[in-house]
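The following exercises concern a predicted model. Each task is followed by a solution worked in steps.

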Amino acid sequence: MVDFSHILSAEELLAAVDESQAGFAIYDRDLNLIFANTTIRNFLPQLYEKLDSGLSMQACMEFQVRETFPDLSTAQREKRVNYIIETIKSSGAMDVTTPDGRKLSSVYKKTSSGKYMIVTMDVTERMHQKDILKQARQKAESASAAKSDFLSSMSHELRTPLSGIYSAAQILHSRIKDGKFTDLQDFTEIVLESASHLNAIINDVLSLSKIESGKIELHPKEDDLQSLLNSIAKAQRPIASAKGIDLHLIIERHIPNTLVFDRVRLRQCITNLMSNAVKFTKTGSVTLAAKYDSMTSTLTLHVADTGIGMSPEEQANVFSKFQQANVDICENYGGTGLGLTITQKLAHLMQGDVSLVSEHGKGSIFTLTLTAPQPSFHIDVHNSAA
């Protein structure tokens, strides 16, 4: 004998349907409500209250659309209602947003007996996750585009000095082969300048990469600040003199002879600021000034110039990666736009910062601060990129 004890009764089946997380409803061929479980009633309480009262689907949908889309015109609401009813009758599917912001996905099916079944799922969380994934994808695509732009820009920057090196090398080879050495000095200068340009670009890229990957560590030790500043000024003075620019070095008298700092990284920061100042100044002067606050162990360095200066809009992007104030500056003066970004990041590692005061056409003042304790008050400023 077959055991039917495991088969659900009608009451048990309805109870199971009622407790389902999916909304479920059945309508007759005229779309009058026959059954709706608790879930779908919770999804659309106003709609099912009106259906329970005996109103037609057409009238209930008109009310629902008016509540959900209050700004639609009468003709637009009518079109929307007709679309919903037609979707139900044609066994279609539809996604809707309820007045309280819940996102529902419904599937409609006409049975062989002419009735209509509706299954509705709450997909709010799924749609939220989809939006998050979409935003993440857009960010990844933006990052990829930025990387592509950078590689394109760097390819152009690298090709320029490499072209000079290659052309000069070809001529050198030809002249040496022919035994003509009288003007080799000019070509060797081209090679050296181009090689120096290329080396600076590569160093900038590598420095930024190391900082951002946390591979740069500071190595502060007792050192002579004044000798460092004099050395940097000495290196920049011939370039400034060639442009007819005066270069000044001002060091406050009470600055201690010895401080604790990372000489290599401080030189890199100051050189970046000085090189920019000389590069963007056609007439006038460039000044490097240093002062020290023994109470806070703060070393402050100002690099002031009488160059082209910057507008407030241009200043907003000056510390951004691969950015220069504007396209004309990039074309006229060259460079990768990394120097100031690197300087700012290194300053942060040295427990300091870089700030700017500038006015278009009247020059700029960059201020670099860092922690540089005196040996007798030595504190550990060893740090690495986080």
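**Exercise 1: the cavity lining**

At least two residues of the lining of the largest cavity are supplied by each of helix 3, helix 4 (57-68), helix 5 (74-89), strand 3, strand 4 (103-110) and strand 5 (116-122).

Task: Determine which element gives the largest share of this lining, and describe the cavity itself.

Solution.
1. Searching the whole structure yields two cavities of 30 Å³ or more.
2. The largest cavity has a volume of about 290 Å³.
3. Its lining comprises 23 residues, and those nearest the centre are Leu44, Leu47, Met61, Gln64 and Val96.
4. Helix 4 contributes the largest share of the lining, with five residues.
5. By residue class, the lining of the largest cavity holds 16 nonpolar, six polar and one charged.

**Exercise 2: the sheet and its edges**

Task: State the strand order of the sheet, and explain why strand 2 and strand 3 each have one side without a neighbour in the sheet.

Solution.
1. The five strands form an open sheet in the order 2-1-5-4-3, and their pairing is antiparallel.
2. Strand 2 (33-36) and strand 3 (93-97) are at the edges and have a single partner strand each, so one side of each lacks a neighbour in the sheet.
3. On average, neighbouring strands of this sheet are turned by 20 degrees against each other, direction ignored.

**Exercise 3: strand 1, strand 2 and a helix**

Task: Characterise the pairing of strand 1 with strand 2, and identify which helix packs on the sheet there.

Solution.
1. Three bridges join strand 1 (residues 23-27) to strand 2 in the antiparallel sense.
2. Opposite Ile26 stands Phe35 of strand 2.
3. Helix 3 (residues 45-52) packs on the sheet and touches both strand 1 and strand 2.
4. The direction of helix 3 makes about 140 degrees with that of strand 2.

How values were computed
Residues are numbered from 1 along each chain as its sequence is written. This is a predicted model: local features need pLDDT of at least 70, side-chain atom pairs count only at pLDDT 80 or more; totals for chains, interfaces and linings use all residues. Side-chain values use heavy atoms; hydrogens and water are left out. Two strands pair if DSSP finds at least two bridges between them. Helices (H or I, at least four residues) and strands (E, at least two) are DSSP runs, numbered from the N terminus. Axes are lines fitted to C-alpha atoms, for helices over the stretch in contact, and angles run from 0 to 180 degrees between N-to-C directions. Contact means heavy atoms within 4.5 Å. On a 1 Å grid over the protein atoms alone, a cavity is a set of points where a 1.4 Å probe fits but cannot get out, and a pocket is an open set with protein on both sides within 12 Å along at least five of seven lines; lining residues have an atom within 4 Å of a point. Grid points are joined across faces, edges and corners, and a volume is the space filled by probe spheres set on the points. Ala, Val, Leu, Ile, Met, Phe, Trp, Tyr, Cys and Pro count as nonpolar, Asp, Glu, Lys and Arg as charged, and the others, Gly among them, as polar.
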